[in-house]
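Biologist: Got a minute to go through this one with me? Let's start with how the helices pack.

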Amino acid sequence: MVHLLFLQVRNEFKVPDRRYTWIKLQIWASTHKWEELKKYVKQKKKLPVSASQVVKLVRQHGGQDVAAKQFLSENEDFLSSEEKFTLLTDLGMYVE
């Protein structure tokens with residue numbers, strides 16, 4: 001119901017796809033819906049928001065532990081090794 005209402009508002013006010021996606025991601029992060037965020041990041045199509053931005057958003061709302069466990073584990077392949085290195089360094093996780 002809320003999703004349909006938001007889509008109507010999006011269409012009526014011509015909200016760009018990138019902004020709509022960012023708002024949706026912020027809502028998921030603030031409500032700790034990590035699985036929804038993970039599904040979004042794992043999509044194979046062109047994403048309007050980068051995976052590293054999503055991980056930073058998770059860190060902002062869920063803390064370092066959630067970001068590391070949910071998105072930066074070794075078996076996750078949606079981030080390149082360079083992106084993982086940069087994000088782990090930003091998190092201060094030098095051992096990983």
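Modeller: Sure. The crossing of α2 and α3 is left-handed. Left-handed here means that the near helix is turned anticlockwise from the far one by less than a right angle, and right-handed means clockwise. Helices (H or I, at least four residues) and strands (E, at least two) are DSSP runs, numbered from the N terminus.

Biologist: Before we go on, what sort of model is this, and what pLDDT do local features need?

Modeller: It's a predicted model, with local features needing pLDDT of at least 70 and side-chain atom pairs counting only at pLDDT 80 or more, while totals for chains, interfaces and linings use all residues. Residues are numbered from 1 along each chain as its sequence is written, and side-chain values use heavy atoms, with hydrogens and water left out.

Biologist: OK, back to the pair. At what angle do the axes of α2 and α3 cross?

Modeller: Roughly 145°, and the axes of α2 (residues 17–30) and α3 (residues 34–41) come within 8 Å. The axes are lines fitted to C-alpha atoms, for helices over the stretch in contact, with angles from 0 to 180 degrees between N-to-C directions.

Biologist: Which residues make the contact?

Modeller: From α2 you have T21, L25, W28 and A29, and from α3 W34, E36, L37 and Y40. Contact means heavy atoms within 4.5 Å. By type, these residues divide into 6 nonpolar, 1 polar and 1 charged. For that split, Ala, Val, Leu, Ile, Met, Phe, Trp, Tyr, Cys and Pro count as nonpolar, Asp, Glu, Lys and Arg as charged, and the others, Gly among them, as polar.

Biologist: And which residues of α2 are buried?

Modeller: Y20, T21, L25, W28 and A29. Buried is under 20% relative accessible area, exposed is over 50%, and partly exposed is in between (1.4 Å probe, protein chains only). Seen down the axis of α2, those buried residues fall within an arc of 165°, so they line one face of the helix. The arc is that of the directions from the helix axis to the C-beta atoms.

Biologist: What about α3, which residues are buried there?

Modeller: W34, L37, K38, Y40 and V41. Their arc, seen down the axis of α3, is within 160°, so they line one face too.

Biologist: Let's pick on T21. What does T21 touch?

Modeller: Leaving out residues up to four places away in sequence, T21 touches Y40, P48 and V49. T21 is buried, with a relative accessible area of 4%.

Biologist: How far apart are the end C-alpha atoms of α2?

Modeller: 20 Å, which agrees with the 20 Å that its 14 residues should span at 1.5 Å a residue. The expected span is 1.5 Å times one less than the number of residues.

Biologist: New topic: backbone. What is phi of H32?

Modeller: Near 60°, a positive value in a residue other than glycine. Most residues other than glycine have a negative phi. H32 lies in the loop between α2 and α3, and is partly exposed at 45% relative accessible area. K14, in the loop between α1 (2–12) and α2, also has a positive phi, near 55°. K14 is exposed, with a relative accessible area of 68%.

Biologist: And S30, how far is its C-alpha atom from that of G62?

Modeller: 8.0 Å, though the two are 32 residues apart along the chain. S30 is in helix α2 and is partly exposed, at 41%.

Biologist: Last one: how many helices and strands does the chain have?

Modeller: 5 helices and 0 strands. Buried residues make up 31% of the 96 residues. Among contacts with a separation of 6 or more, 53% are between residues 24 or more positions apart.
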